[in-house]
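Please take a moment to look over the sequence and the structure below, and then follow the explanation that comes after them.

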Amino acid sequence: MLIVPEAEIAGLLTPEDAFAAIEACFAAMARDEAYNFPVVREALGEGRQYGFKSGLDRAGGVMGVKSGGYFPGNAARGMINHQSVVLLFDPESGRPTALVGGNLLTALRTAAASAISIDRLARKDARVLGIVGAGHQSQFQLRAAARVRDFEKVIAWNYHPDMLPKLGVVAEELGLPFEPVQLDGMRAADVIVTITSAPAASLMDAHVSPGTHLACMGTDTKGKQEVEPALLARARLFTDEVAQSVTIGEAQHAIAAGLIRAEDITPLGAVIAGLAEGRRSDDQITLFDGTGVGLQDLAVAQAAAERARARGVAVEIAI
Ligand code: NAD
């Protein structure tokens, strides 16, 4: 079995590699060649969450599980709050094939999903990128979004304003003017990425202008919420996986309020595979509920493991 240490991932997988792997993964899901197993996600108290996301991709020849979670006390200990590893198995024999560090992979695959949604669903003339959130994932989100549209400006809001300057440095690196705004300032955005661990809505329906694309990426557990449910009722809805969207994603709240039905949500993979329509008009609001599926983790872990094997940077052990 191959062990690919966390520290090697940055040299093995680029954001472009992650984008290609996740697009293929979403399309395989839409063609029923790949499916996710039920998610196990447990609240451990004090905001800590731990669980398993797993699946099987027959087309990609990969099966496995990502285990890990979100531990909000870590930042104070000098560690990132997200911690995980991915374990891959040969789908034919069940033999374990690789154990891959999952922290950077998670950031790359999550940013890739949101960038794919922007690429496929945002207006081509989108110029202002809005970001709600300024934690660890937000900088990956910003970098990935900037690859798929010619943004001219980044506006951002965060519940903890002192975290915003760090995101501003990333915008500066990308050559983009950066402006902290109040939530109603988000009306100026053509694309809004939400990436917080919030337990209640920050972004309200009235804060979003017609024609905006939203990538709601922070809500991946029951009880989290980033946007007002009325916004989902106004938008054309997309997700990585409908079953997760309605239970642990942003849609859980609009479903509970009876504002939308599961049938109103289109898998993004269906748009990629040419099986469903995306945006229908320039003034339509599109919203991608990115819940994070196990198959995403397997796709990027497999790509990293293949590169590690080819370059001889992984540790091979017999188990
Ligand atoms: P982080 O701990 O580094 O940052 C947390 C962010 O949430 C900060 O911007 C913080 O200011 C904000 N926040 C905290 N409490 C808030 C509140 N009450 N109201 C509004 N905002 C609040 O976390 P991160 O690693 O950047 O992850 C952000 C979120 O994304 C987490 O919820 C994480 O579980 C989720 N996530 C989702 C996926 C996915 O695939 N969908 C993948 C990775 C992470």
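In this predicted model, a good place to begin is Gly78, which is exposed because its relative accessible area is 70%, where over 50% is the cut-off for that word. Gly78 lies in the loop that runs between strand β5 (62-70) and strand β6 (82-89). Its C-alpha atom is separated by 19 Å from that of Ala10, a residue 68 positions away along the chain.

From this loop we can turn to helix α2, which covers residues 15-30. With 16 residues at 1.5 Å a residue, α2 should span 22 Å, and this agrees with the 23 Å found between its end C-alpha atoms. Among the buried residues of α2 are Phe19, Glu23, Ala27 and Ala28, together with Ala18, Ala21, Ile22, Cys25, Phe26 and Met29. Just after α2 comes Asp32, which takes a positive phi of about 60 degrees.

How does α2 pack against helix α10, and at what angle? Helix α10 is made of residues 294-311, and the two helices pack at an angle of about 135 degrees, with their axes 9 Å apart. Angles from 115 to 145 degrees count as oblique, and α2 and α10 are therefore oblique to each other, while the crossing in which α2 passes α10 is right-handed.

On the α2 side of this contact are Asp17, Ala18, Ala21, Ile22, Cys25, Phe26 and Met29, and they meet Leu295, Gln296, Ala299, Val300 and Arg307 in α10. Sorted by class, the contact of α2 with α10 holds nine nonpolar residues, one polar residue and two charged residues.

How values were computed. Residues numbered from 1 in each chain as written. Predicted model: local features only at pLDDT ≥ 70, side-chain atom pairs only at ≥ 80, totals over all residues. Heavy atoms only, no water. Axes fitted to C-alpha atoms, helices over the stretch in contact; angles between N-to-C directions. Helix = DSSP H or I, 4+ residues; strand = E, 2+ residues; numbered from the N terminus. Parallel < 35°, antiparallel > 145°, perpendicular 65-115°, else oblique. Left-handed = near helix turned anticlockwise from the far one by under 90°. Contact = heavy atoms within 4.5 Å. Nonpolar A, V, L, I, M, F, W, Y, C, P; charged D, E, K, R; others polar. Expected span 1.5 Å × (residues − 1). Buried < 20%, exposed > 50% of the residue type's maximum accessible area, 1.4 Å probe, protein only.
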